[in-house]
Amino acid sequence: MVTFLGFWVYLCPLVGGWIADAKWGRYKTIQRGIYCSIFAHVLIIIAGIPSVIARDGASVALLVLGIIILGFGTGAFKPNISVRHLAQVPRP
């Protein structure tokens with residue numbers, strides 16, 4: 001799962017950058033990526049509740065779903081947060 005998370009977090013920014021450039025714009029993509037990450041963290045927290053762990057497969061399913069959604073959130077956030085607009089860069 002750790003290897004998949006590393007792969008997923010490095011693959012999803014390609015999609016997030018494309019979405020920001022072609023569809024939603026930078027700020028909407030960042031906003032939706034943060035909401036997606038918050039939802040993923042809530043799922044991962046729920047996966048760690050003892051009553052959920054006691055059920056067969058429920059905890060692992062929530063954890064995997066949380067990791068997949070967290071990758072999408074990171075992919076929307078990471079490529080767009082550090083990019084400066086060309087209009088803001090001073091010209092020599």
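Two helices whose N-to-C directions make an angle of under 35 degrees count as roughly parallel, over 145 as roughly antiparallel, 65 to 115 as roughly perpendicular, and anything else is called oblique. Keep that in hand while we walk through this predicted model, starting with how its helices meet.

First, the inventory. The protein chain has 4 helices and 0 strands, so reading from the N terminus you simply get α-α-α-α. Of the 92 residues in the protein chain, 28% are buried.

Now take α1 and α2. Their axes are 8 Å apart and the helices pack at an angle of about 130 degrees. That value falls in none of the named ranges, and α1 and α2 are therefore oblique to each other. As for the hand, α1 and α2 make a right-handed crossing.

Next, turn to α1 and α4. Here the axes are 6 Å apart, and the packing angle is about 50 degrees. That makes α1 oblique to α4 as well. The crossing of α1 and α4 is right-handed.

What about α2 and α4: how are they oriented to each other? Helix α2 covers residues 26–47 and helix α4 covers residues 58–81, and their axes come within 7 Å, crossing at roughly 160 degrees. With the cut-off for roughly antiparallel at over 145 degrees, α2 and α4 are therefore roughly antiparallel to each other. The hand of this one is left: α2 passes α4 in a left-handed crossing. Sort the residues in the contact of α2 with α4 by class and you get 19 nonpolar, 9 polar and 1 charged.

A few residues help you find your way around these two helices. Start with Ile-34, which sits in helix α2. Its partner to look for is Gly-73: the two are 39 residues apart in sequence, yet their C-alpha atoms are 6.0 Å apart in space. Is Ile-34 buried or partly exposed? With a relative accessible area of 37%, Ile-34 is partly exposed.

Then there is Ala-76, found in helix α4. Ala-76 has a relative accessible area of 11%, so this residue counts as buried. Its C-alpha atom is separated by 9.4 Å from that of Lys-28, with the two positions 48 residues apart along the chain as the separation in sequence.

Helix α4 also holds Ser-59. At 17% relative accessibility, Ser-59 is under the 20% cut-off and so counts as buried. Look for Gly-48 from there: Ser-59 and Gly-48 are 11 residues apart along the chain, and 6.9 Å separates their C-alpha atoms.

Now for the aromatic side chains. A pair of aromatic rings is described by the distance of the centres and the angle of the planes. Using a limit of 6.5 Å between ring centres, the count comes to 3 aromatic pairs. In one of them, the ring centres of Phe-4 and Phe-7 are 6.4 Å apart with the planes at 45 degrees, so this pair is tilted. Where do Phe-4 and Phe-7 sit relative to each other in helix α1? Helix α1 spans residues 2–24, and because Phe-4 and Phe-7 are 3 residues apart in it, about one helical turn separates them. Both rings belong to residues with some accessibility: Phe-4 is partly exposed at 34%, and Phe-7 is partly exposed at 49%.

Phe-4 has another partner too. Phe-4 and Trp-8 form a stacked aromatic pair, 5.7 Å from centre to centre, with 20 degrees between the planes. These two are 4 residues apart in helix α1, so they too are separated by about one helical turn. Is Trp-8 buried or exposed? Trp-8 has a relative accessible area of 16%, so it is buried. Step back and the ring pairs join up: they link Phe-4, Phe-7, Trp-8 and Phe-72 into a cluster.

Finally, two aromatic rings have a basic residue over the face. Arg-32 lies over the face of Trp-24, at 4.4 Å from the ring centre. Over the face of Tyr-10 you will find Lys-78, at 4.7 Å from the ring centre.

Methods:
Residues numbered from 1 in each chain as written. Predicted model: local features only at pLDDT ≥ 70, side-chain atom pairs only at ≥ 80, totals over all residues. Heavy atoms only, no water. Phe/Tyr/Trp six-rings, centres within 6.5 Å; stacked < 30°, edge-to-face > 60°. Buried < 20%, exposed > 50% of the residue type's maximum accessible area, 1.4 Å probe, protein only. Lys NZ or Arg CZ within 6 Å of the ring centre and 35° of its normal. Axes fitted to C-alpha atoms, helices over the stretch in contact; angles between N-to-C directions. Left-handed = near helix turned anticlockwise from the far one by under 90°. Nonpolar A, V, L, I, M, F, W, Y, C, P; charged D, E, K, R; others polar.
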